[in-house]
Each structure stands twice: as C-alpha cells, then as structure tokens.
Amino acid sequence: MPTSRLHSVILDKVMEEASHTKSFSFREEFPVRPGQFIMVWIPGVEEVPMALSQLGPVKAITAKNVGSSTEALHKFKEGDRIGVRGPYGNSFDLSQEHYLVAAGGTGIASVIAASEALAEAGKKVVTVFGAKTKEDLILLERSRKYGEVFIATDDGSVGYHGVVSDLALKLMEDRRFDGVLACGPEKMLQTLEGICRQRDVEIQVSMERFMRCGIGLCGSCSLDHYLVCRDGPIFKGEQLVGLRDFGHYRRDRAGRRVPM
Amino acid sequence: MVEISTTVGRLKLQNPTMLASGILGDSGDSLLRVARSGAGAVVTKSIGREPREGNPSPSLVELEHGLLNGIGLANPGIDNYRAEVEVALQGDVPVIGSVFAEDVEFYGPLARTMEVYGVQALELNLSCPHAEGLEEIAGDADLISQVTAEVKSAVKVPVFVKLSPNVRDIALLAQAAEEAGGDGIIAINTVKAMSILPEVAKPVLGQTMGGLSGPAIKPVGVRCVYQIYEAVDIPLVGVGGVANGLDAVEYIMAGARAVQIGSGIHYRGLEVFEAVCREIEAFMEEHGYRRLEEMVGIAHE
Ligand SMILES: Cc1cc2nc3c(=O)[nH]c(=O)nc-3n(C[C@H](O)[C@H](O)[C@H](O)COP(=O)(O)OP(=O)(O)OC[C@H]3O[C@@H](n4cnc5c(N)ncnc54)[C@H](O)[C@@H]3O)c2cc1C
Ligand SMILES: Cc1cc2nc3c(=O)[nH]c(=O)nc-3n(C[C@H](O)[C@H](O)[C@H](O)COP(=O)(O)O)c2cc1C
Ligand code: FES
C-alpha cells in the first residue's frame, strides 16, 4: 500500500525539545525530499499537517503544542500509534552551493532536513534561528552539526536581541549566499523575501495554510491561485511577489478570506 | 474533425467537461485556474446561508479505488462569496453556482443571490450524504419538487438539480425535479460510505461516515444516468469517477450531454479536462462519430 494512504505507525521515541515542543519519531521507509510534509492523525482527535523534521529510515515530526490536536499528540508516548499519510507537497531546490537557512520558532522543523541534506552533499549552510526567548530554542544541537548557527531572541535572553530577519540581513551584508531557505511566521517570510529581492538572492520559503486534504482537492489551503499543499509548501520568492494573500490574508476553516 | 461542443438546455459549452462541485471551489482564483485548464464550465463549492466550518478531520482520504470525503459542506457562506464568483467569471466559461440549505424555504433566496452575483446557471445540491438535514431532502420526491419550484420562481437562469445515489428510486426523484420545472439533472453525488483503520480500531473520517467518489463509483453513476434518461426529457450531466475519455463516453452513451470531474483531478492533475476532451475526440474519430450529440443515450437504442 502506498504511504500516501492513511495508515498507522508506532512511535519509536518521543523527545522533549522545549517546554511546548516535542519530536516524535517512527520507523518507516518511503522516498521523501526535504521540505515535504505529512498529514498526522491523532486517532480520536483530528488530523494536522506536519513537516518531516527527520528523513532517513527513522522519520520524525517536531510539533509545538498550540491547540487541541497538538495538545492531544503531546500526550502520546513511545509505543503508541498515530495515523500518517504522505509525503505530500514539493520540496526545496538545493542545487546551489552556499545557503542561509532562516527559521522562526517551529519553522525550523520544515527546514532542518534541507540543512542536513546540504551538509551531507558537502555544501555550506549557515542557520539563523529566531525565537521569543531562550526556552523556545529547538533542534539547536542538530543544526550545529550542519554548520554555523546564529541565534536571535525577541527578549535578548540569548544571542542577538531582535528579530531573525534583521539578523539575517546583517549576515547577508557580510557574506555572500547563493540562496536562502526560510520558514516561520509569514511577516518574517515577507520581510526576508523583500530583503532577498533587493539583494538579488534567490529565496525559497515554506508556507502554511489551513489544510484538510493535503492532496490538492479540497481547496482549503488556497493562497491566491496556488494550493499550498500541492503547488507548495515551498515557494520561490518570485512566485509570491504581487500575491494579494501573501503576508496579508489567510483562509479560515470555512474558507473565508480573513486578514492575518 | 469531430465536434465536442455541447449544450445542457440553454447552457452552451465549448466542451463537455465541467468541474464538479466542492473540488477547489472555495476560491474564485482556483475556479479561474480550472477554467483556464480547459474545463467547459466550472461549478462552485456548494454555498449555504452561513459560513460553515465543516466536519472534524480527517475529512478526505484516499482509498484503494476512490476517495472518501466527509468535508461536510464547509463553505464561507453566501455573503462572503460574491468576490469569489466575480473572479471566477473572468474565465471565459460558464460559472454554475451550487447552493444548499438545511430548509426548503432557504433555497430560493440563496439561488437568487447567486444569480445576482452573475452565475450563468444554478445547481441545487440536494444530496450531500454527510451533512445533516440534506439527507432528508435527498430521498423525498415532494421536498425535491418544492425546492425546485421555489428556486425556479426565484431566478431566470437555468436550474439544474443534483441527485444523490443513496436513494431507492433515483428516476422517480428526477421526474419530480422535471415536473417542478427543473432544467436539467446532475447525477450523481457521492455514495455514502465509511472506512475503518484496523490497527487503531477507529473510523477514519472525523465524522465516521462520508461520501465515496472516484473510479469505484463510476458504475453506480452510469447506472443512475441510464435510469434517469429513460424517465425524463430534460438534459442530464453525468458525474462520478470520470478520469478519462472512455469514462466520459460511457456517461454520454447512458444519456448525459456533459460530464463533471472532481476526483479525476487527483488521478490526472488539472490537465484532466484537456486530456478527457482529446480522448473523447480520439474515440469519436476511431468510431465514426462526428458530433458528440450522436452518442447521447445511444446505449438505449
Ligand atoms: C505544510 C505545513 C507544515 C507544518 N509543519 C509543522 C511542524 O513541523 N511543526 C509544528 O508544530 N507545526 C507545523 N504546522 C502547523 C500545524 O499544522 C498546526 O500547528 C496544527 O495544525 C495546529 O492544530 P491544533 O488542533 O493543535 O490547533 P488549533 O487550535 O486547531 O489551531 C492553532 C493554529 O494552527 C492552525 N491549524 C489548525 N489546523 C490546521 C490544519 N489542518 N492545517 C494548517 N493549520 C492548521 C490554525 O489555523 C491556528 O492558527 C505545519 C502546517 C503546515 C500547513
Ligand atoms: C472533496 C469533495 C467535496 C465535495 N463537495 C461537494 C459539494 O460541496 N457539493 C456537491 O454537490 N458535491 C460535492 N462533492 C461531490 C462531487 O461534486 C461529485 O458529485 C462526486 O465527487 C463524484 O464525482 P467524482 O468521482 O468525479 O469526484 C464533493 C466531492 C468531493 C470529493
Ligand atoms: S489541503 Fe486540500 S487542496 Fe490543499
């Protein structure tokens, strides 16, 4: 049976990453590329999209507890079963040599597999990671294995005192990158897209929208004429310029276009 | 050269493929994209009076021979839908507005508002197997007749009635729609179904039951269209499991003048509309049909 059909996997390990964030790993072999996501079903609760933060024979998701489904997921332990289907969506184009990876909060989960793939291919990766405060830093040790890591916190409790896009800009003023890979709050992505456009650096961002089907049919994840689950979640900066929705509107569960 | 343009009553179509309701129909931008991918017409998501968040997920999963959905008519509500129709109308194919309501009396005003937004025809969804209220209307000839008559007196554009296969005698219901003034019948909506994931011993859909679509339901759809064709004179549109030209030809030979495609997008992408048209043409050339019309209902002869 193809893994795109809903099936269950047994949780191999549950790892506490930060106060509200845990990683859940499971063993399953399927072809997958950095940037792709899966739909995760918490049996008896709901199904939500999650990036694969670890590829290889042991896969993992890294989920922040933000609401009913993720809260239920956080109660799951090693040996429990969750439902999964995927992988879905497109992936990062990693054909350049020297990348800046910019992540805000749990956004790191969507880009860390790309960092790993780049490091494995002998390419150069610098990560800028932004969080609200020291306690929210996640996947740091792993990120450091793939290259230099710079940290920004909103409260200055560690690293640069300020937002990750400012820190990214400072780095880009000092060094030349062939490309930027980014995931995080949409305002951050919008700022980074502007910075990269000005400096003529290619940027790819991982986008989020409310998702029901994950396979391009229900239309829940509309971003202008794009479907984030199928045309994305990875978009090049040039695809996002000029969209009415990018940075401004999302669609709610009923499909209403609402300001962000 | 063969001719695949067709008509469904007063509605003229450049080709016989339409987007089925509920697939990509939330947003005007998506409808426009489907129109530009080659669909002969697009049908909106079924829109109701109020915004509706739909059922808990999972609400759409792939099964062995089809898709199971329990979206539950999530929709932004009629008041929020004007802008979407306006965008969809920028494509140069007809936009058909689909509406549903929990009560017979609400269909007329909803349909009228859709007409004001500019749609070229209406489709009445009387048949959703996973939304409360609609299940009662779906199987009741009197209610179908009341809804159709209400809407007919509220609007001037053609009114198509979409029927559910989850009923005892679909032909009888089609007759009720015809007698009440309906301008065409769309058949079928999804087939009521469910699936269980054995390892977790739970139904897969958040709403337990939902509707099956895709290849698995094509024989059911073809049977329904065949039966309805014998019972009414108004034009029919076939829907259910169309993913290639031969699927469409089956429906046409059973009596349909056009087909709708929903799940087919999953199997072949948005190119499915173009591909189905080219495959219908190839079939017609090979078998000596010049106009699509010549094949309509031919299986009854
Ligand atoms: C492609 C993609 C990849 C993602 N990867 C990760 C990840 O690696 N780690 C992580 O922690 N989070 C990730 N998310 C976000 C994650 O899906 C939401 O946090 C989760 O769905 C929240 O569900 P809930 O029931 O716990 O919260 P709720 O209370 O239901 O919602 C909290 C927030 O999550 C959003 N949300 C709820 N359901 C969905 C849904 N079905 N699709 C999209 N957004 C939803 C809501 O709009 C709201 O903003 C990703 C989202 C997408 C679209
Ligand atoms: C995800 C999904 C959503 C649907 N939503 C609606 C809807 O809102 N209104 C409606 O009349 N039919 C709806 N349907 C039914 C389809 O329009 C169509 O009748 C059915 O799927 C069979 O066609 P198919 O096999 O080509 O998908 C939906 C089907 C699917 C798969
Ligand atoms: S989530 Fe259904 S189309 Fe993207």
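In the predicted model, Ile188(B) is placed in the loop that links strand 10 to strand 11 (191-193) of chain B, and the peptide bond leading into this residue from Ala187(B) is cis, with omega near 15 degrees. A further cis peptide bond, with omega of about -5 degrees, joins Ser57(B) and Pro58(B); here Pro58(B) belongs to the loop between strand 4 (41-43) and strand 5 of chain B. Most peptide bonds are trans, and most residues other than glycine have a negative phi. Against this background, Thr208(B) has a positive phi near 65 degrees although the residue is not glycine. Thr208(B) sits in the loop between strand 13 (202-203) and strand 14 (210-213) of chain B, where, with 14 other C-beta atoms within 10 Å, it is partly exposed. In chain A, a positive phi near 50 degrees is found at Asp224(A), likewise a residue other than glycine. This residue occupies the loop between strand 13 (222-223) and strand 14 (226-227) of chain A and, because it has 17 C-beta neighbours inside 10 Å, counts as partly exposed.

As to the overall form of chain B, 10 helices and 16 strands are assigned, and the C-alpha trace spans about 50 × 50 × 40 Å along its principal axes. The radius of gyration of chain B is 18 Å, which agrees with the value near 19 Å that a compact globule of 301 residues would have. Of these 301 residues, 61% count as buried, and among the contacts in chain B with a separation of 6 or more, 71% are made by residues 24 or more positions apart.

Helix 6 (residues 170-179) of chain B is largely enclosed by the rest of the structure, since 7 of its 10 residues are buried. The buried residues of this helix are Ile170(B), Leu173(B), Ala174(B), Gln175(B), Ala176(B), Ala177(B) and Glu178(B); they pack against helix 5 (141-154), strand 9 (159-163), strand 10 (184-187) and helix 7 (218-231) of chain B. Just after helix 6 of chain B, Gly181(B) adopts a positive phi of about 105 degrees.

In chain A, strand 1 (residues 7-18) and strand 2 (residues 21-27) run antiparallel and are joined by 6 bridges, forming a hairpin with 2 residues between the strands. Within this pairing, Glu16(A) has Lys22(A) of strand 2 as its bridge partner. Strand 2 of chain A also pairs with strand 5 of chain A, in the antiparallel sense and over 7 bridges, with Phe24(A) standing opposite Ile61(A) of strand 5.

An open sheet of 7 strands with mixed pairing is also formed in chain A, in the order 10-9-8-7-11-12-15. Its edges are strand 10 (160-161) and strand 15 (234-236) of chain A, each of which pairs on one side only. At the first-named edge, strand 10 of chain A runs parallel to strand 9 (residues 148-153) of chain A, to which 2 bridges join it, and Tyr160(A) of strand 10 stands opposite Ala152(A). Two helices lie across strands of this sheet. Helix 4 (residues 164-174) of chain A lies across strand 7 (98-104), strand 8 (124-131), strand 9 and strand 10 of chain A, and runs at about 150 degrees to strand 8. Helix 5 (residues 186-199) of chain A lies across strand 7, strand 11 (179-183) and strand 12 (202-206) of chain A, running at about 170 degrees to strand 12.

Between the chains, 34 residues of chain B are in contact with 26 residues of chain A. On the side of chain B that touches chain A, two or more residues are given by each of helix 1 (28-36), strand 5 (60-62) and helix 9 (264-268) of chain B, the largest share, 4 residues, coming from helix 1. The residues on this side of chain B comprise 15 nonpolar, 11 polar and 8 charged.

Ligand 2 is surrounded by 29 residues, the closest being Ala20(B), Gly22(B), Ser213(B), Gly262(B) and Ser263(B). Because the surrounding residues come from chains A and B, the site is shared between chains; its shell divides into 12 nonpolar, 15 polar and 2 charged residues. Around ligand 1 there are 23 residues, of which Val48(A), Gly67(A), Ser69(A), Thr70(A) and Ala109(A) come nearest. At least two residues of this shell are supplied by each of strand 4 (47-51), strand 5 (58-64), helix 1 (68-74) and helix 2 (108-120) of chain A, and the shell around ligand 1 is made up of 12 nonpolar, 7 polar and 4 charged residues.

Terms used:
Residues are numbered from 1 along each chain as its sequence is written. Chains are lettered from A and ligands numbered from 1 in the order in which they are written. This is a predicted model: local features need pLDDT of at least 70, side-chain atom pairs count only at pLDDT 80 or more; totals for chains, interfaces and linings use all residues. A residue is near a molecule or strand if its C-beta atom, placed from the backbone, lies within 6 Å of it. Ala, Val, Leu, Ile, Met, Phe, Trp, Tyr, Cys and Pro count as nonpolar, Asp, Glu, Lys and Arg as charged, and the others, Gly among them, as polar. Two residues are in contact if their C-beta atoms, placed from the backbone, lie within 7 Å. A residue is buried if 20 or more other C-beta atoms lie within 10 Å of its own, exposed if 12 or fewer, and partly exposed in between; C-beta atoms are placed from the backbone. The radius of gyration is taken over C-alpha atoms; the globule rule is 2.2 Å times the number of residues to the power 0.38. Two strands pair if DSSP finds at least two bridges between them. Axes are lines fitted to C-alpha atoms, for helices over the stretch in contact, and angles run from 0 to 180 degrees between N-to-C directions.
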